[in-house]
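Reader: I have a new model open on my screen and would like to talk it through with you. Could we start with how a pair of helices packs, and then move on to other features?

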Amino acid sequence: MKIQSMKITKGKQQRAQRVVIYGVESVGKSTFAAKFPRPLFLDIEQGTSHLDVDRCEIGSWKQLTDALAEAKATDYKTIVVDSADWAERLCVEDLLASTKKTSVEDFGFGKGWVMVAERMSRMLSSIDQLIDAGKNVVMIAHSKIVRFEAPDALAAYDRYELKLSKQSSPLLKEFADELWFLRFKTKVSTSETGKGKGVGGKERILLTTHSAAYDAKTRSGLAEELPLEWASVAHLFETKAQAVVAPTATPPESWAARLAEHEGAVNQFLLGRGVLTSEQTWRDCAPEYLERVALRVDQFINTAIEWRSANK
C-alpha cells in the first residue's frame, strides 16, 4: 500500500528544549535559569528582584496563560516560568473563583485536583507553540520530601519530588525533555559513637538521572552529576543559526586541528562535565558527540576556555 499523506524524516533534529529544574531551598534555581539564552521571566513569585533580567510579573492564571500566548511574538530565546508550583496555586484560585467554591476539596473525592490537573495539562500543551517558534521553556519548581513505598521495596523511604499535587506532578515530568534536580553536595561521616553527621554542603550540583532519592531525566546524554554551572549544559542551547556559523568560519576538515590547538582546555572541560575520565582525551568521545562539536567548534572551544578560567 502506498502512503500518500505521511511525512517521514530521518536522523536527529535540533529544536528548542522543555526544561524543568527543581531543587532544595536557596540552591540557586532562578539564578541558574537566568543564564539561559535571552530569558524572559514570568515572575509569579516576584522573587527575581536580585537578578538583572527582563520580567513580567504574573498575578493570576489568566495573566499567565495570556503571557505564554503573547511570548511567541517576542524576540526572547527562553521563557522562564517561576515557578510551576506557584502557577498551580493560581490555577486553583482561578478554578475556585469560576465555580464559586471555597476549597478544592468542595468538589469531593479528589475531583477538584483532577480539574486542576486538566487545566495544567492544557497550559503545558499550549507551550508547544513556543517550542515550535524556537523558544526554550524553563519551568522552575520547588521540591518537597515525601514518604515513598515502591511495590518491590521492603520498606518505605524518603525522597525528593516536585512540590505539586500528585495529579499535576506527573504531567510536568512527562512534559520535560530535561528534568534536573539541584542540590548541595553533602557527605555523611560516622562518629565513634555511630552517629551520622553531614559534612560539606557548599558545592552545588545538578543531577540528571533518576534515583531512589529524587526524580530526574535527560534526553541529551548528560553525565549523571554535573557542577551547577552554565558551562555544564550550555552546548544544549545553541540555536541552529549559531550552529551553522562555526563551519563557515572553520572549514569542516580543520575542526580536529582546532580542538588539538586548545587540547588542555577542551580535555579539562570534558573531564569536569563527566564526559571523559582522567585517562581519556577528547579523541575518545563518542562519534556522534564529536559530530555535534564539529558543527560549533569555535563556540565549544570558547565555552571550554571560559570553564577552565572559572575553575582555576
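**Helix packing and salt bridges**

Author: In this predicted model, the α3 residues Ala84, Glu88, Cys91, Val92, Asp94, Leu95 and Ser98 are in contact with Gly112, Trp113, Met115, Val116, Arg119 and Met120 of α4. By class, that contact between α3 and α4 is made up of eight nonpolar, two polar and three charged residues.

Reader: At what angle do α3 and α4 pack, and how far apart are their axes?

Author: Helix α3, which covers residues 84-99, and helix α4, which covers residues 111-126, pack at an angle of about 115°, and their axes are 10 Å apart. The crossing of these two helices is right-handed.

Reader: Which side chains meet in a salt bridge with a N to O distance of 2.4 Å?

Author: Those are the side chains of aspartate 94 and arginine 119. Since aspartate 94 belongs to helix α3 and arginine 119 to helix α4, the pair ties together parts that are 25 residues apart in sequence.

Reader: Is arginine 119 buried or exposed?

Author: Arginine 119 counts as buried, because its relative accessibility is 18% and the cut-off for buried is under 20%. Aspartate 94, with a relative accessible area of 28%, is partly exposed.

Reader: Going wider, how many salt bridges does the structure hold?

Author: The structure holds 15 salt bridges. One of them joins the side chains of arginine 147 and aspartate 158, at 3.0 Å from N to O. This pair links distant parts of the chain, with arginine 147 in strand β5 (residues 136-148) and aspartate 158 in strand β6 (residues 157-162), eleven residues apart. Arginine 147 counts as exposed at 59% relative accessibility, whereas aspartate 158 counts as partly exposed at 46%.

Reader: And which residue forms a salt bridge with lysine 185?

Author: The partner is glutamate 225, and the closest N and O atoms of the two are 2.8 Å apart. Lysine 185 lies in strand β7 (residues 178-190) and glutamate 225 in strand β9 (residues 225-227), so this salt bridge ties together parts that are 40 residues apart in sequence. Lysine 185 is partly exposed, with a relative accessible area of 30%, and glutamate 225 also counts as partly exposed, at 32% relative accessibility. There is a network as well: salt bridges with shared partners join Arg15, Arg18, Asp128, Asp177 and Arg219.

Reader: Changing topic to the backbone, which peptide bond is cis?

Author: The peptide bond from aspartate 82 to serine 83 is cis, with omega near 15°. Serine 83 is found in the loop between β4 (78-82) and α3.

Reader: Which residue has a positive phi of about 65° although it is not a glycine?

Author: That is serine 26, which lies in the loop between β1 (18-23) and α1 (29-33) and counts as exposed at 57% relative accessibility. Arginine 38 is not a glycine either, yet has a positive phi of about 35°. Arginine 38 lies in the loop between α1 and β2 (39-43) and counts as partly exposed at 42% relative accessibility.

Reader: Last one: how many helices and strands does the protein chain come to?

Author: The secondary structure comes to eleven helices and nine strands. Of the 312 residues in the protein chain, 42% are buried. The chain exposes about 17400 Å², and carbon and sulfur atoms supply 52% of that area.

Terms used. Residues numbered from 1 in each chain as written. Predicted model: local features only at pLDDT ≥ 70, side-chain atom pairs only at ≥ 80, totals over all residues. Heavy atoms only, no water. Axes fitted to C-alpha atoms, helices over the stretch in contact; angles between N-to-C directions. Helix = DSSP H or I, 4+ residues; strand = E, 2+ residues; numbered from the N terminus. Left-handed = near helix turned anticlockwise from the far one by under 90°. Contact = heavy atoms within 4.5 Å. Nonpolar A, V, L, I, M, F, W, Y, C, P; charged D, E, K, R; others polar. Salt bridge = Lys/Arg side-chain N within 4 Å of Asp/Glu carboxyl O. Buried < 20%, exposed > 50% of the residue type's maximum accessible area, 1.4 Å probe, protein only. Areas by Shrake-Rupley, 256 points an atom, 1.4 Å probe, with all protein chains shown as cover.
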